[in-house]
Amino acid sequence: MVYQGVIRRYKNYLPVTEKTPIITLLEGDTPLIEAENLRVSLGVDSKIYLKYEGLNPTGSFKDRGMTVAVSKAVEEGASAVICASTGNTSASAAAYAAKAKLKCVVLIPEGAVALGKLSQALIHGAEVLAIKGNFDDALHLAREISNKYPVVLVNSINPHRIEGQKTAAFEIVDSLGDAPDYHFMPVGNAGNITAYWKGYREYRKIFQEKRKLKLPRMMGFQAEGAAPIVRGHPIKKPRTIATAIRIGNPASWKKAEEARDESKGVIDIVSDKEIIEAYRMLSSVEGLFVEPASAASVAGLVKYVRQGYFSQSSTIVCILTGHGLKDPDRAIKVARKVRVVKADLKSVANQMRL
Ligand code: F0G
């Protein structure tokens with residue numbers, strides 16, 4: 001059967017009925033890529049898989065949640081949606097709102113959203129308001145607006161977003177035939193770690209009569225300068241080059257701690273340096289271009305391999321949450337430089353050291 005998006009694929013496990021109008025851009029069904037080169041570079045005998053969520057229609061995992069949130073908003077008769085965003089949620093909300101013919105307003109922290117994401121929100125026709133504050137301030141305002149006015153909030157505090165995003169855990173289990181032993185991912189506002197943990201637990205329950213599925217240890221990573229959960233208090237001025245996860249007071253803080261504790265996992269930090277190292281490694285060794293925040297999952301894996309955390313051969317999944325083209329400025333900053341040469345054979349051959 002032709003693929004029809006996450007709602008139709010997993011409708012039995014989502015809050016939809018025959019009456020729900022399905023707004024989809026055919027999100028989901030993303031590849032789970034075995035990272036053999038990375039495994040060899042790290043010198044481990046575990047199997048490493050990368051879930052490439054950057055291949056969703058708007059280039060990030062947000063689309064899984066947005067298809068459900070926007071479909072439910074339309075079902076409930078909404079005419080407008082709003083979100084606060086470090087960029088990807090706004091890109092996704094703008095695209096799904098366009099498809100659903102809804103008005104879309106996005107609040108972004110001024111000057112702190114990567115170029116690709118900003119271009120998406122604008123071209124899809126969202127009203128983009130840059131707040132003179134950070135993401136946490138923007139989310140506070142978006143919540144207030146949605147409480148006072150007839151505008152549906154499509155941030156991950158909207159439970160429909162979490163419902164949609166849990167389908168990525170279903171896909172991983174469907175691909176591997178079981179859950180992995182370890183699940184590595186970045187943590188920002190903490191909606192996605194909440195969604196994956198919900199997904200793994202629900203699928204285990206659904207299949208319990210047929211076969212016993214594993215539950216992974218949830219390994220979440222925050223950027224060093226934006227690590228409120230690790231530090232145990234909100235961060236007033238979060239800092240990191242990974243703008244997607246530059247968040248000081250995550251909305252799903254408690255749920256992230258539950259996922260960590262129930263799964264016997266960890267929430268830990270990775271430095272910007274470690275994020276960039278993983279970012280370069282993924283693009284040069286695996287041919288996968290991701291945005292810096294997404295590389296936090298692999299940075300976490302590298303850190304834990306180096307600490308000797310894995311005592312036996314395991315199955316490891318790292319989530320690559322967003323596409324590298326979202327943040328071209330960062331790639332150009334950290335990659336090799338373009339060399340300008342004269343338009344003649346000798347100059348080009350010289351440059352090629354031929
Ligand atoms: N990776 C990327 C690429 C993201 O855009 C985000 C969050 C995360 C990881 C963290 O996920 O918030 O569920 O813990 N981006 C949000 C946004 C905040 O506005 O686009 P989380």
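A nitrogen atom of the ligand lies 2.7 Å from an N or O atom in the side chain of T321. That is a good place to start looking at this structure, which is a predicted model. The protein covers 99% of the 470 Å² of accessible area that the ligand has on its own, and the ligand sits in the largest cavity. Let's look first at the ligand's surroundings and then at a sheet.

**Contacts with the ligand**
- T321 is also one of the residues that come nearest to the ligand, along with S85, G188, N189 and A190.
- N189 takes part through its backbone: one of its polar backbone atoms is 2.7 Å from an oxygen atom of the ligand.
- N88 uses its side chain instead, with a polar atom there placed 2.8 Å from an oxygen atom of the ligand.

**The shell around the ligand**
- There are 20 residues around the ligand.
- Sorted by character, the shell has seven nonpolar residues, eleven polar ones and two charged ones.
- Two elements, α4 (88–100) and α9 (191–206), each give two or more residues to this shell.
- When you trace the chain, you can find N88 among the residues of α4, since that helix covers 88–100.

**A four-stranded sheet**
- Four strands form an open sheet in the order β5-β4-β3-β6, and their pairing is parallel.
- β5 (127–131) and β6 (152–153) stand at the edges with a single partner strand each, so one side of each has no neighbour in the sheet.
- Strand β4, made of residues 103–109, pairs with β5 in the parallel sense over five bridges.
- If you would like to find one of the bridge pairs between strands yourself, look for P109, whose bridge partner in β5 is I131.

Note on methods
Residues numbered from 1 in each chain as written. Predicted model: local features only at pLDDT ≥ 70, side-chain atom pairs only at ≥ 80, totals over all residues. Heavy atoms only, no water. Near = heavy atom within 4 Å. Polar contact = N/O pair within 3.5 Å; in protein donor to acceptor, adjacent residues only side chain to side chain. Areas by Shrake-Rupley, 256 points an atom, 1.4 Å probe, with all protein chains shown as cover. 1 Å grid on protein atoms, 1.4 Å probe; cavity = no way out; pocket = protein on both sides within 12 Å on 5 of 7 lines; lining within 4 Å. Sits in = over half its atoms within 2 Å of the grid points. Nonpolar A, V, L, I, M, F, W, Y, C, P; charged D, E, K, R; others polar. Pairing = 2+ DSSP bridges.
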